[in-house]
Structure formats: C-alpha cells, structure tokens
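This report describes a sheet, a helix that lies across it, and a pocket. The structure is shown first.

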Amino acid sequence: MISVEDITVCFEKKRVLDHFSACFPEKGITALSGPSGCGKTTLLRVLAGLQETEGGKVNVPDRPVLLFQEDRLLPWRTAAQHISDVLPRARRGEAGRWLELVELEEAAGQRPAALSGGMRRRLALARTLACGGAVFLLDEPFTGVDAPCAGRILARIRGLGVPVLLSSHEAEVVALCDRMIPLDGPPLRILQG
C-alpha cells in the first residue's frame with residue numbers, strides 16, 4: 001500500500017501539508033495534478049523518505065525512487081555514462097536500453113551541454129528508471145517534452161509494471177496517465193470531483 005496518514009510539514013511558518021492523508025494506487029500511473037507551489041513536490045519528498053514530517057504515518061514499499069524536479073546531471077559525463085553510473089557492474093551494458101526507452105539512444109555519447117532542455121529531462125528520467133525500485137516518484141518528468149513523446153515514454157514506463165506517482169500541472173501529460181488526483185494548496189488538499 002502507498003499511503004500517508006495525518007502528516008504535517010511546515011517550512012518556517014508556512015504549512016505545506018497540514019494533517020494530510022491519502023491512499024495511492026499500487027498499479028499504473030497516477031498523476032498528482034495541481035498548480036505550482038501547492039505541495040506536490042513536498043509530498044513526493046515525504047514518500048521518498050527525504051522530507052521529515054511532524055508526526056503521522058507514511059507507508060511506501062521499500063526502495064522508492066525519486067526523480068527530482070531539477071535534472072542534476074554531471075556536465076562531464078555522457079548520456080550513456082549517466083545511466084551506467086547508477087547500474088550495478090553486472091548491468092552496465094543496459095545503458096542503451098534505458099536511453100532507448102526515453103528516445104535518446106542517438107545521444108549516448110553526448111554530454112548535457114549538447115542536449116536540449118527536454119533531452120536533459122529525458123536523460124534524468126532514464127537515469128531514475130534505471131535505478132529500479134518498488135515505486136517511481138516522478139516530479140515534473142516531462143518539462144520541455146512534447147506530448148506525443150511523453151505519451152510514448154509513459155507507455156513504455158507502464159510496461160515496467162512498477163507503480164508510478166508523477167506530479168504535473170500540464171494537462172497534456174495528466175491526460176496520458178491512468179488516473180489523476182486533483183490537488184490544491186498550500187496546505188495541500190485533494191479536490192473533490
């Protein structure tokens with residue numbers, strides 16, 4: 001089960017999560033949709049174990065993997081090296097598979113400076129997926145990526161059989177997901193449809 005129960009997160013006097021509770025599907029791709037600054041990133045960081053809460057309970061499968069909102073790419077590493085760097089030695093030959101999943105196989109030998117913003121975002125996504133995990137937490141994974149490309153990549157991610165929670169305020173991306181949870185805030189709250 002993927003859930004949070006009665007969690008609160010404050011940054012100084014700002015309550016981003018205020019006794020927030022929710023359950024999330026354990027299959028498919030779920031979009032967390034809401035305006036910028038409503039608390040989606042904070043919720044993903046809580047689920048990933050990177051953000052402490054003021055009480056409450058977080059229930060997430062072992063090994064959640066988070067794609068940060070920033071690409072966090074190393075300028076001196078090629079696209080293929082970014083992938084092989086996160087793979088165990090026995091799996092380093094799989095880098096091409098992950099680049100192909102995000103349609104970057106032709107950029108394997110290029111460094112981030114030679115890639116467009118959307119290509120850098122897809123590289124960061126490929127690196128995250130290559131890590132494996134029991135749930136993928138993807139923070140704005142398709143910034144700068146056109147909707148048709150995002151749709152093809154989401155279909156391949158769906159084929160991995162791992163539950164995905166992704167944050168987005170882009171309607172085109174949200175429409176490609178299996179389900180959408182509408183959010184607003186702060187403090188973060190689920191809108192009733």
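Strand β1 (residues 2-11) and β2 run antiparallel and are joined by 7 bridges. Strands here are DSSP runs of E with at least two residues, helices are runs of H or I with at least four, and both are numbered from the N terminus. Two strands count as paired if DSSP finds at least two bridges between them. In β2, K14 stands opposite F11.

The model is predicted: local features need pLDDT of at least 70 and side-chain atom pairs pLDDT 80 or more, while totals for chains, interfaces and linings use all residues. Residues are numbered from 1 along each chain as its sequence is written, and side-chain values use heavy atoms, without hydrogens and water.

The order β2-β1-β4 makes up an open sheet of 3 strands with antiparallel pairing. Because β2 (14-24) and β4 (57-59) each have a single partner strand, they stand at the edges, and one side of each has no neighbour in the sheet.

α1 lies across β1, β2 and β4 (contact means heavy atoms within 4.5 Å). Its direction is at about 120° to β1, with axes fitted to C-alpha atoms, for helices over the stretch in contact, and angles running from 0 to 180 degrees between N-to-C directions.

α1 also gives the most to the lining of the largest pocket, with 3 residues. Those closest to the centre of this pocket include K40, T41 and D139. The lining residues divide as follows.

| Class | Residues in the lining |
|---|---|
| nonpolar (Ala, Val, Leu, Ile, Met, Phe, Trp, Tyr, Cys, Pro) | 4 residues |
| polar (the others, Gly among them) | 6 residues |
| charged (Asp, Glu, Lys, Arg) | 6 residues |

A pocket is an open set of points on a 1 Å grid over the protein atoms alone, where a 1.4 Å probe fits, with protein on both sides within 12 Å along at least five of seven lines; lining residues have an atom within 4 Å of a point.
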